[in-house]
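Student: I am new to this structure and would be grateful for a close look at a single part of it. Please choose one site, describe its surroundings with care, and then place it within its chain.

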Amino acid sequence: MVEKQGTGQANTEAPLPAAIYAERVTKAFGEGKKKVLALDDVSLTIEENEFFTLLGPSGCGKTTLLRLIAGFDQPTAGAIMLRDRDISQLPPNQRSVNTVFQDYALFPHMTVAKNISFGLEMLGKPKDYIKKTVGDMLALVKMEELRDRRTDQLSGGQQQRVALARALAPRPQVLLLDEPLSALDYKLRKEMQIELKQLQLETGITFIFVTHDQEEALTMSDRIAVMNAGRILQIGTPRQIYNQPADRFVASFIGRSNFISVEVLSVEGRRARLKLSSGREVISPLPDNWVPRGRVTAVVRPEYAQLVAGSGDEGDLQGVLENIVYLGTDTQYHIRLPDETTFVTRSQNQCQETEAFEDGQSVSVVFKPEAVQVLRS
Amino acid sequence: MRIPKAASNPVSDMQRSRTRKNWLLSAPALVVLAAASSGPLLIVLVYSFLSAGEYGGVVWKFSTDAWFNVVFFRDIFDGTTTFADAHMTILWRSVRLSFITTLITLAAGFPTAYFIATRPRRNRSLWLFLITVPFWTNLLIRTFAILEVIRNEGLINIGLQTLGIIDKPIQMLYTDFAIMVGMTYVYLPLMVLPLYASMERLNFSLVEAAYDLYATRHKVLHRIIIPLVKPGIIAGSILVFIPSLGAFVTPRVLGGGKKMMLGNLIELQFGAGRNWPLGAALSVTLLALVMAALLMYVRTTQRHSGSVR
Ligand SMILES: Nc1ncnc2c1ncn2[C@@H]1O[C@H](COP(=O)(O)OP(=O)(O)OP(=O)(O)O)[C@@H](O)[C@H]1O
Ligand SMILES: [Mg+2]
């Protein structure tokens, strides 16, 4: 990654400055014994027009980071740049950043249209411009019919749309969304995921989206930052995050994982030659800034491992089939290994297929090429 | 939500009978309340249409003299009738001082309530407790304390004189100003408490949302906070304005005999003036004023209540 010399000078090489650049941001709450490090030395670059997701478990600091970008809190240390301008000390009303709040925070004493026009009025836009923009926004979120409703008479999904329209109306440089879909039921959430992504493409505004739902993050994002305990563990595209998780936390937080112990034979550049317990040798790419040595942990995704009947020598692992879970689109096989741990494989179902395996059967597991990924530890 | 009319709906029937039972259960309390509130009022109303007894009390003879005397003054020697200036002055002073007191308590109480509502939850009860501390002392004693502060040889005047800022004491006692200071001090908690109650319910992420949408502090106050805490503002104003209008102890102590308010005028009629019917008529006038003020509040609230939850 290119280190950016960051104190707000325009970077002459890059055509567009990053939408958001956080430089070694730390945020502490409280003092002395009760001190909580909500963010611990976080650096990240979010590009213009990007759909960027902050993903992590509850309490990992996602909301804290959003609040620092929005200006509701100031960082304890570090700086936040908006298009190369240091905004760390600016109040929220002087940042071209708008927020869609988790509880929407719609103004209950105003109509839908008034909520949407609020930001534009505050910016002192001309009347006819406001009128036109509010109309456009209502159309964008398909709420024209409800423009004169009070916001407490709307369903959750409708409120969500109004909150979005309200935040988009002033055309901010960056839109922050703090778990905007978490209050919606499953079906509506799926619909809104698609609509949100569509909206981001249409408006061309940089979205910073917070969720603790890994599936949501994978389907919507251009890039994901996985966070835990105030730190960013990995930043990458959904594919990178899923296929090459940097460490055990990322691997187990996103998707299902099997962890195996492997021996490092040699390291060549960013790749390592590994020896599996079966004696087979495989190549694995390495996580950033990590040179493994000796015995290390690697991850194998269930769908990257194949099940074969019998305990032949060609398998990478041998065990007893303990449980078969039929999931419609695919089937999960739980295999008990000799060391009493469970290994899970998963294969897609074919039409009219009858189950080829049965419980208690001896089976072998064969890893597909590039299935093994070394983890940082 | 509107409930559809369905006469034979078993659920609504059940609800109705339950409501009826609730009414029955609360009937004794309602009877006591009705008797205790409307009884005395009725007596006062009847007295205002009777004649004054020579040594106080009333004579059971119908007369509208008392009502006449509220507005007009009849000279006992030549029988000429003039407008009752004194009464009007007192009436006007009562309304004016109560109104100003309400405004001052609102101006002082609003930031106070906002301050308490924005403290961490566990500290709020301490602040609220401090607000109610003055209630521990008798009203009369508190009023005399104010007198000690503002009288000519009081804290302020002596202090200013010692500092050489003034050489003659400023006459503060026995002025409208003194009454206002006293009433503001006494009624401030009545403003703070309802204001706090509605500010505590205020969702502060609405305030953040407004800042986020480029509102200045001033705009946030006027477009978000004030409309949303309006019920508290109205409740507090009523709680301050109405007792101010009928205030008795404060104007008596701090206004001396010279600056009377309606409460003192009424007391005078029942006491030294020995004109009970006039006192009763003045009381009814006060009641009417209060009702008019309440009606005005209700109407202004209703006009804006399309917006308030
Ligand atoms: N105002 C505050 N005072 C003290 N501690 C705080 C404050 N705000 C957040 N924290 C702490 O900082 C940490 C991060 O909180 P944050 O709200 O950013 O988590 P989150 O990732 O948004 O979690 P969730 O998914 O539950 O919303 C938590 O441990 C939290 O308790
Ligand atoms: Mg959060």
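Tutor: The account below begins with the surroundings of the ligand, moves outwards through the neighbouring elements, and ends with the chain as a whole. The model is a predicted one, and every value given here is computed from it.

Let us begin at the ligand itself. The shell around ligand 1 consists of 13 residues, and those that come nearest are A:S58, A:G59, A:K62, A:T63 and A:T64. Sorted by class, this shell holds 5 nonpolar, 6 polar and 2 charged residues.

Individual atom pairs give a finer picture. A polar atom in the side chain of A:S58 is found 2.4 Å from an oxygen atom of ligand 1. With A:G59 it is the backbone that takes part: one of its N or O atoms lies 2.7 Å from an oxygen atom of ligand 1. Further along the sequence, the side chain of A:E179 has an N or O atom 3.2 Å from an oxygen atom of ligand 1. As for the cover that the protein provides, ligand 1 taken alone exposes 640 Å², of which the protein buries 59%.

Which elements supply this shell? Two or more residues each come from β2 (36-46) and α1 (62-70) of chain A. The largest share, 3 residues, belongs to α1(A). These two elements deserve a closer look in turn.

The helix α1(A) is mostly covered, with 7 of its 9 residues buried. The buried residues are A:K62, A:T64, A:L65, A:L66, A:L68, A:I69 and A:A70. Two of these names, A:K62 and A:T64, have already appeared among the residues that come nearest to ligand 1. Burial is judged here against the protein chains only, and it requires under 20% relative accessible area. After the helix α1(A) comes A:G71, which has a positive phi near 100°.

The strand β2 of chain A contains A:D41. This residue is not a glycine, yet its phi is positive, at about 55°. Its relative accessible area is 33%, so A:D41 is classed as partly exposed.

Beyond β2, in the loop that leads to β3 (51-55) of chain A, lies A:E48. Is A:E48 buried or exposed? A:E48 counts as buried because its relative accessibility is 17%. Its side chain also makes a polar contact of 2.7 Å with the side chain of A:R83.

The residue that follows in number, A:D84, lies in the loop between β4 (77-82) and β5 (85-86) of chain A. Like A:D41, A:D84 is not a glycine but has a positive phi, in this case about 70°. The two residues can be set side by side: A:D84 is buried, at 14% relative accessible area, whereas A:D41 is partly exposed.

It remains to place this region within the chain. The domain assignment divides chain A into domain 1 (20-243) and domain 2 (256-374). The centres of these two domains, taken over C-alpha atoms, are separated by 39 Å. The residues that come nearest to ligand 1, A:S58 through A:T64 among them, carry numbers that fall within the bounds of domain 1.

Domain 2 of chain A offers a second region for comparison, a run of antiparallel strands. Strand β17 (residues 330-336) is mostly covered, since 6 of its 7 residues are buried. On one side, β17(A) pairs with strand β16 (residues 317-326) in the antiparallel sense over 6 bridges. Here A:N323 stands opposite A:H334. The hairpin of β16(A) and β17(A) has 3 residues between the strands, and A:G328 in its turn shows a positive phi of about 85°. β17(A) is also joined by 7 bridges to strand β18 (residues 342-348), again antiparallel. In that pairing A:H334 faces A:V344. The hairpin of β17(A) and β18(A) has 5 residues between its strands, and A:E340 takes a positive phi near 70° there.

Taken as a whole, chain A has 8 helices and 20 strands. Its C-alpha atoms fill a box of roughly 80 × 50 × 45 Å along the principal axes. Of its 377 residues, 50% count as buried.

Definitions and conventions:
Residues numbered from 1 in each chain as written. Chains lettered and ligands numbered in written order. Heavy atoms only, no water. Domains from an automatic or database assignment. Buried < 20%, exposed > 50% of the residue type's maximum accessible area, 1.4 Å probe, protein only. Helix = DSSP H or I, 4+ residues; strand = E, 2+ residues; numbered from the N terminus. Pairing = 2+ DSSP bridges. Near = heavy atom within 4 Å. Polar contact = N/O pair within 3.5 Å; in protein donor to acceptor, adjacent residues only side chain to side chain. Areas by Shrake-Rupley, 256 points an atom, 1.4 Å probe, with all protein chains shown as cover. Nonpolar A, V, L, I, M, F, W, Y, C, P; charged D, E, K, R; others polar.
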